[in-house]
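Open the model in your viewer and switch to a cartoon display. This tour says what to select next and what is there.

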Amino acid sequence: MSASSLDQLYKPHLQTLMRRTEHSLAAGGFDALVIHAGSPPTQFLDDQDYPFKVNPHFKAWVPIVDNPGCILVVKPGSRPKVLFHQPTDFWHKPAMLPQALWTAEVDLVAMDEPSKGTLHWTNLGRVAHIGPDASAAGTDPASINPADLLTRLHYDRAVKTDYELECMRRASELGARGHRAALAEFRRGGSEYDAHMCYLQACGQREEEMPYNNIVAYNENAAVLHYQHLERALPKSLRSFLIDAGAQYRGYASDITRTHSAAPGRFADLVAALDTAQQALCGEILAGRDYRDVHLSAHRALGDVMQRTGLTKLPGQAALELGITSVFFPHGIGHLLGLQVHDVGGVIGDALGHERQRPEGHPYLRLTRMLEPGVVVTVEPGIYFIDSLLAAAHADSRRAHIDWGVVDELRPYGGIRIEDNVATTAAGPENMTRDAFARVA
């Protein structure tokens with residue numbers, strides 16, 4: 001799909017957002033909504049700003065992700081108005097007014113000072129403000145980031161429009177290109193840092209444009225779920241490579257993880273077995289399915305995989321019941337994905353914010369909702385060798401159900417995670433990640 005074809009999906013996307021917003025504003029007693037894009041904080045005792053991350057509520061309406069100080073004014077029955085920040089500045093280059101086709105659907109107004117935005121909503125009635133800079137509007141505190149309004153908007157946001165789905169497909173394709181480049185660098189003998197830099201180059205994005213910090217982990221580093229370093233030097237023995245890295249397109253994220261073995265053997269066999277189980281779990285992303293059941297299904301599937309590999313001694317259901325699977329798989333099977341990587345609204349069951357409880361013993365599951373068409377989730381089972389969790393299991397009755405010789409054999413590899421981004425559709429799951437890898441192959 002070309003850029004112009006994508007822009008043709010933008011108008012119905014705006015119409016959907018307007019319809020949802022009008023309903024939510026009315027429920028909260030508001031007449032209009034002002035969304036502040038935000039501005040980057042300044043570093044302590046310095047004149048440099050931190051990298052700018054736009055308010056996700058703002059980029060849901062307009063694909064402007066790199067210009068602080070912009071403001072969006074939404075009044076039901078009127079066209080959205082974008083107050084585009086263009087300061088008079090000789091230290092930095094002011095952003096140019098966008099010229100893309102999507103701009104025909106909004107009123108675009110240049111604004112040299114965000115403080116002048118007040119003129120555009122003074123006469124709109126009771127106005128709600130959303131954003132990190134909302135308090136600067138000097139309005140009633142009850143109108144600043146009102147919790148009930150945010151809950152309604154967050155609940156609706158889980159269901160993506162056709163425009164959003166296409167943006168996420170493109171983000172997936174960028175991520176697939178990056179993963180292929182990073183794997184090639186790993187095979188060439190490059191360091192974690194080298195693989196990371198190859199990833200960025202293949203995506204054509206800077207670090208601050210990534211939807212999250214890339215996780216590029218060799219060997220034991222793969223046991224750290226959110227490993228945050230990039231070793232410049234190669235380890236003495238290169239055994240495994242886990243990379244969790246995405247990309248973004250018009251503000252929408254992809255979130256992809258792959259694990260690779262440097263050589264054949266038990267670890268490579270475990271990676272292959274987990275990949276097969278992961279693809280079966282992706283097939284469970286169906287409209288009407290409770291995502292909590294997908295999570296528990298993952299524990300049973302991983303329990304079976306670990307028993308077949310010789311790592312544990314119980315089948316999946318028994319391993320789940322005795323807490324064996326949680327020793328090796330401590331996180332949730334996935335989360336909502338969209339404007340944010342861990343997108344909001346994952347545990348609310350309705351527009352009023354009633355929480356859907358996590359399964360007992362699974363506190364880290366980020367998504368408990370029923371799946372419906374348009375919802376995009378990650379499916380990311382993992383098997384890790386985390387010292388603290390293994391030590392706790394060795395100290396109690398779980399010790400008898402684990403083969404510690406196999407643990408010692410696999411511990412130097414760190415762990416495995418395989419993650420795809422899957423859209424729920426009326427016809428069945430759409431695996432955006434596998435489709436993207438197929439396109440770029």
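How far apart should the ends of helix H4 be, given its 27 residues? Select residues 162–188 of this predicted model. At 1.5 Å a residue the helix should span 39 Å, and its end C-alpha atoms are 40 Å apart, so the two values agree. Move on to Gly-189, just after H4, which has a positive phi of about 95 degrees.

Next, add helix H5, residues 192–203. Two packed helices are described by the angle between their axes and the distance between the axes. The axes of H4 and H5 come within 7 Å and cross at roughly 145 degrees, and the crossing is right-handed. Show the side chains in the contact: Leu-174, Ala-181 and Glu-185 are among those from H4, and Cys-198 and Tyr-199 are among those from H5. The contact residues comprise eight nonpolar, three polar and four charged.

Now select the open sheet of five strands, in the order S4-S3-S2-S1-S5, where the pairing is mixed. Its edge strands are S4 (107–111) and S5 (127–130), each paired on one side only. On average, neighbouring strands are turned by 20 degrees against each other, direction ignored. Inside the sheet, S1 (residues 32–36) and S2 (residues 71–74) run antiparallel and are joined by four bridges; Ile-35 has Leu-72 as its bridge partner in S2.

Last, go to strand S6, residues 215–218. Which way do its side chains point? Ile-215 and Ala-217 point one way, Val-216 and Tyr-218 the other, and all are buried. Four bridges join S6 to the antiparallel strand S7, residues 240–245, where Leu-242 is the bridge partner of Ala-217.

Methods. Residues are numbered from 1 along each chain as its sequence is written. This is a predicted model: local features need pLDDT of at least 70, side-chain atom pairs count only at pLDDT 80 or more; totals for chains, interfaces and linings use all residues. Side-chain values use heavy atoms; hydrogens and water are left out. Helices (H or I, at least four residues) and strands (E, at least two) are DSSP runs, numbered from the N terminus. The expected span of a helix is 1.5 Å times one less than its number of residues. Buried means under 20% relative accessible area, exposed over 50%, partly exposed in between (1.4 Å probe, protein chains only). Two strands pair if DSSP finds at least two bridges between them. Axes are lines fitted to C-alpha atoms, for helices over the stretch in contact, and angles run from 0 to 180 degrees between N-to-C directions. A crossing is left-handed if the near helix is turned anticlockwise from the far one by less than a right angle, and right-handed if clockwise. Contact means heavy atoms within 4.5 Å. Ala, Val, Leu, Ile, Met, Phe, Trp, Tyr, Cys and Pro count as nonpolar, Asp, Glu, Lys and Arg as charged, and the others, Gly among them, as polar.
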